[in-house]
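Reader: Hi! I'm new to reading protein models, so could we go through this one together?
Author: Happy to. Here it is.

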Amino acid sequence: MVLLLPAGNGSGPEVAAGINRPDASLLDLNLLGGHSTVAPDFTLTNQWGRPTALSGFRGKVVVVSVQDDRCTDLCTLFAQDVRAADQDLGAAASRVVFLAVNANPFYPQVSAVRAWSDQHGLGSEGNWRFVTGSPARLRAVWKDYYAFVHLDRTNRTVVHSTALYFVGPSGRERAAGSFGPDSADTSLFAHGLAQMADDLLPPSQRVPVAGPVAPPSSAPGAPIGGRAPAFSLDRLGPGRGPVSLAMLGGRYAVIAFWSTTCTACRSELGHLEEAHRHLGPDVAMAGIDVAAGDRSSHGAGALGLARSNGITFPLATDPTGAVAGSFRVTALPYTVILGPRSTVLVRHPGLMTTEQLDYLLESLDPSLDGR
């Protein structure tokens, strides 16, 4: 599934009171200011089969988006952003609603939006609403919110735009943004999402928003737009020489940080290998085992796990965690995507599926579509 990203207004991101410019860039933020109008109202059916109207959330901040209930790539990354944003909002999450409108008229059933929500960890988020309706009613909402939805009737798939609308407690549109490949930087994107929502609450209801603030590209620790820190690590398994940043340069590169003690990492290895096989030599891939304890025994376990998953891309061991620290890896698994000049383009904490990785790489360079 490929999603179309909006072009934006060309003037660059705008900065709200609590958001710095790197955060605003992640959100592709535009403040509406004096151009603010009442958000078009609509009533659709949520994932529990209940009528849901936008106007029913007056007094709360609503983040409106269009999502595909059959998506396996970008929409799933946005789902992770919502979950992380709720954590960052803490008590204020009850005063913010994430309202997603179904973009897929081929699957308009309530059961479809509920299944997708449950599959991607949103079933227990009390402020998540995924609404659907007849194709005609969905089209009316898409039109009101300038959502582009292209239908592939043969394959029953869609391509859709990725705009976000921030609606204030009075029901007026206060800001617009978008989710795209940058939303894979979950902890950073989610913080900006949460901060923008918090900024629209009345002052008495605002909270200190948790989560990391996006650093400028000149900051240390491999921020977006910065150069990746150099490293050279002992190789696990067959192959000659160390695994290093130098060997990954000159092409797009995927660095996956993992560990044998991480359950999600075990699931991710197969996805990474599948992507490696069909992307071919145009994309370098390396797995870094963030080892702990005795290096030799841990390395043997890591190599065994890699072999059981049929891994063919280079693997290395980071016995002290120094390289993971230099990349500011906060949890495992953690994926970093670099450009041909070793510039950090994507930082993604959490499991990365084949479809998500395919989408992100093709978004960076359409020629990388290896499917």
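Reader: How do helix 7 and helix 10 cross, and at roughly what angle?
Author: This is a predicted model, and in it the axes of helix 7 (residues 263-279) and helix 10 (residues 354-364) come within 8 Å and cross at roughly 45°. Angles from 65 to 115 degrees would count as roughly perpendicular and those under 35 as roughly parallel, so helix 7 is oblique to helix 10.

Reader: Is that crossing left-handed or right-handed?
Author: The crossing of helix 7 and helix 10 is right-handed.

Reader: Cool. Which residues meet there?
Author: From helix 7 you have H271, L272, E274, A275, H278 and L279, and they meet T354, L357, D358 and L361 of helix 10. Sorted by class, that contact has 5 nonpolar, 3 polar and 2 charged residues.

Reader: E274 caught my eye. Buried, exposed or partly exposed?
Author: E274 sits in helix 7 and counts as partly exposed, with 46% relative accessibility. You can also look from E274 to I311: the two are 37 residues apart along the chain, and their C-alpha atoms are separated by 9.1 Å.

Reader: Back to helix 10. At what angle does helix 2 pack with it?
Author: Helix 2 (residues 74-89) packs with helix 10 at an angle of about 105°, and their axes are 9 Å apart. That angle makes helix 2 roughly perpendicular to helix 10.

Reader: And which residues make that contact?
Author: L74, T76, L77 and Q80 come from helix 2, while Q356, Y359 and L360 come from helix 10. The contact of helix 2 with helix 10 has 4 nonpolar, 3 polar and no charged residues.

Reader: Let's zoom out. How many helices and strands does the chain have?
Author: The protein chain has 10 helices and 18 strands. It has 371 residues, and 53% of them count as buried.

Reader: What about the outside, how much area is exposed?
Author: About 15,000 Å² is exposed by the protein chain, and carbon and sulfur atoms supply 53% of that area.

Reader: And the contacts, how many join residues at least 24 apart?
Author: Take the contacts in the protein chain between residues at least 6 apart in sequence: 75% of them join residues at least 24 apart.

Reader: Switching to loops! Where is Y146?
Author: Y146 is in the loop between helix 4 (135-144) and strand 7 (149-152). With 70% relative accessibility, Y146 counts as exposed, because the cut-off for exposed is over 50%.

Reader: So what is Y146 in contact with?
Author: If you leave aside neighbours within four places in sequence, Y146 is in contact with S161 and Y165. Y146 and A163 are 17 residues apart in sequence, and their C-alpha atoms are 8.8 Å apart in space.

Reader: One last thing: which sign does phi mostly have in residues other than glycine?
Author: Most residues other than glycine have a negative phi. Here, though, D28 has a positive phi of about 50° without being a glycine. R156, also not a glycine, has a positive phi near 55°.

Reader: Where do I find D28 and how exposed is it?
Author: Look in the loop between helix 1 (21-27) and strand 1 (30-31) for D28. D28 is partly exposed, with a relative accessible area of 25%.

Reader: And R156?
Author: R156 is in the loop between strand 7 and strand 8 (157-160). R156 counts as partly exposed at 38% relative accessibility.

Methods: Residues are numbered from 1 along each chain as its sequence is written. This is a predicted model: local features need pLDDT of at least 70, side-chain atom pairs count only at pLDDT 80 or more; totals for chains, interfaces and linings use all residues. Side-chain values use heavy atoms; hydrogens and water are left out. Axes are lines fitted to C-alpha atoms, for helices over the stretch in contact, and angles run from 0 to 180 degrees between N-to-C directions. Helices (H or I, at least four residues) and strands (E, at least two) are DSSP runs, numbered from the N terminus. Angles under 35 degrees count as roughly parallel, over 145 as roughly antiparallel, 65 to 115 as roughly perpendicular and the rest as oblique. A crossing is left-handed if the near helix is turned anticlockwise from the far one by less than a right angle, and right-handed if clockwise. Contact means heavy atoms within 4.5 Å. Ala, Val, Leu, Ile, Met, Phe, Trp, Tyr, Cys and Pro count as nonpolar, Asp, Glu, Lys and Arg as charged, and the others, Gly among them, as polar. Buried means under 20% relative accessible area, exposed over 50%, partly exposed in between (1.4 Å probe, protein chains only). Accessible areas come from the Shrake-Rupley method with a 1.4 Å probe; for residues, only the protein chains shown count as cover.
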